[in-house]
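Here is a short briefing for a reader who is new to this structure. Please look over the sequence and the model before reading on.

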Amino acid sequence: MLRLLTSTDSSAYQHLRLTSLRTDPLSFSSSYELEATYPPGYFADRIRYATRHPIYGIYGLLENDKLIAAAQISLEYHVKQRHIANVYEVYVMPQNRRSGHATTLLTHIIARAKSDPQLEQIHLR
């Protein structure tokens with residue numbers, strides 16, 4: 001199942017995020033050592049603040065109710081750049097790679113973003 005994450009997914013998101021920082025540290029600007037010290041509420045807030053219904057936020061791909069992949073899409077902050085969305089923090093758990101999950105996740109996110117009539121560009125960061 002693929003859907004926008006909610007704050008109730010924060011524990012699973014925290015696990016996926018910390019795994020990503022530990023297994024692929026060069027892919028992220030943050031570090032495992034830093035984010036491992038954050039309280040669980042930080043990850044719930046991160047999901048909540050990223051969400052702008054019905055399109056924008058952190059999407060998760062769940063398999064057997066387990067979060068195996070995630071990616072975030074958000075609009076640019078500045079008014080003159082609100083026609084641009086950014087996709088970032090794409091991550092698939094190591095044991096689930098090479099199965100098309102990232103493609104599924106990105107295809108879904110792009111399709112959802114295309115429903116925003118103001119959106120003209122999507123950047124992968």
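A residue counts as buried when its relative accessible area is under 20%, and as exposed when that area is over 50%. By that rule, buried residues make up 43% of the 125 residues in the chain. The model is a predicted one. The points below go from the whole chain to single residues.

**Overall build**

- The chain holds four helices and five strands.
- Read from the N terminus, the order of elements is β-α-α-α-β-β-β-α-β.
- The radius of gyration is 14 Å, and a compact globule with 125 residues would come near 14 Å, so the chain agrees with that expectation.
- Along its principal axes, the C-alpha trace covers about 35 × 30 × 30 Å.
- Take the contacts in the chain with a separation of 6 or more: 59% of them join residues 24 or more positions apart.
- About 7,500 Å² of the chain is exposed, and carbon and sulfur atoms supply 54% of that area.

**The cavity**

- How many cavities of 30 Å³ or more does a search of the whole structure find? The search finds one.
- The largest cavity has a volume of about 70 Å³.
- Its lining consists of Y13, L16, R17, S20, F28, I58, A70, A71, Q72, E89 and Y91.
- Three elements each supply at least two residues of this lining: α1 (10–23), β3 (66–75) and β4 (84–92).
- Which of the elements gives the most to the lining? Helix α1 does, with four residues.
- By type, the lining residues of the largest cavity divide into seven nonpolar, two polar and two charged.

**Backbone exceptions**

- Most residues other than glycine have a negative phi, and most peptide bonds are trans. The residues below depart from those habits in one way or the other.
- H53 and P54 are joined by a cis peptide bond, with omega at about 5°.
- P54 sits in the loop between α3 (40–50) and β2 (57–63).
- E89 is not a glycine, yet its phi is positive, at about 60°.
- E89 belongs to strand β4. E89 is also one of the residues that line the largest cavity.
- R98 is another residue other than glycine with a positive phi, near 65°.
- R98 lies in the loop between β4 and α4 (101–113).
- Is R98 buried or exposed? R98 has a relative accessible area of 86%, so it is exposed.

**D9 and S10, at the start of α1**

- D9 is in the loop between β1 (2–4) and α1.
- D9 has a relative accessible area of 10%, which is under 20%, so D9 is buried.
- Beyond its neighbours within four places in sequence, D9 is in contact with R3, L4 and I47.
- S10 is placed in helix α1.
- S10 is buried too, because its relative accessible area of 15% is under 20%.
- Which residues does S10 contact, leaving aside neighbours within four places in sequence? They are P40, F43, A44 and I47.
- I47 is therefore on both contact lists, that of D9 and that of S10, where contact means heavy atoms within 4.5 Å.
- S10 and R46 are 36 residues apart in sequence, and their C-alpha atoms are 8.6 Å apart in space.

**L105, in helix α4**

- L105 is found in helix α4.
- The relative accessibility of L105 is 0%, so L105 counts as buried.
- Apart from neighbours within four places in sequence, L105 is in contact with L2, Y59, A69, A70 and A71.
- Among these contacts, A70 and A71 also belong to the lining of the largest cavity.
- How far apart in sequence are L105 and R3? They are 102 residues apart in sequence, and 9.4 Å apart in space from C-alpha to C-alpha.
- R3 appears in the D9 group as well, as one of the contacts of D9.

Note on methods: Residues numbered from 1 in each chain as written. Predicted model: local features only at pLDDT ≥ 70, side-chain atom pairs only at ≥ 80, totals over all residues. Heavy atoms only, no water. 1 Å grid on protein atoms, 1.4 Å probe; cavity = no way out; pocket = protein on both sides within 12 Å on 5 of 7 lines; lining within 4 Å. Points joined across faces, edges and corners; volume = space filled by probe spheres on them. Nonpolar A, V, L, I, M, F, W, Y, C, P; charged D, E, K, R; others polar. Rg over C-alpha atoms; globule rule 2.2 N^0.38 Å. Buried < 20%, exposed > 50% of the residue type's maximum accessible area, 1.4 Å probe, protein only. Areas by Shrake-Rupley, 256 points an atom, 1.4 Å probe, with all protein chains shown as cover.
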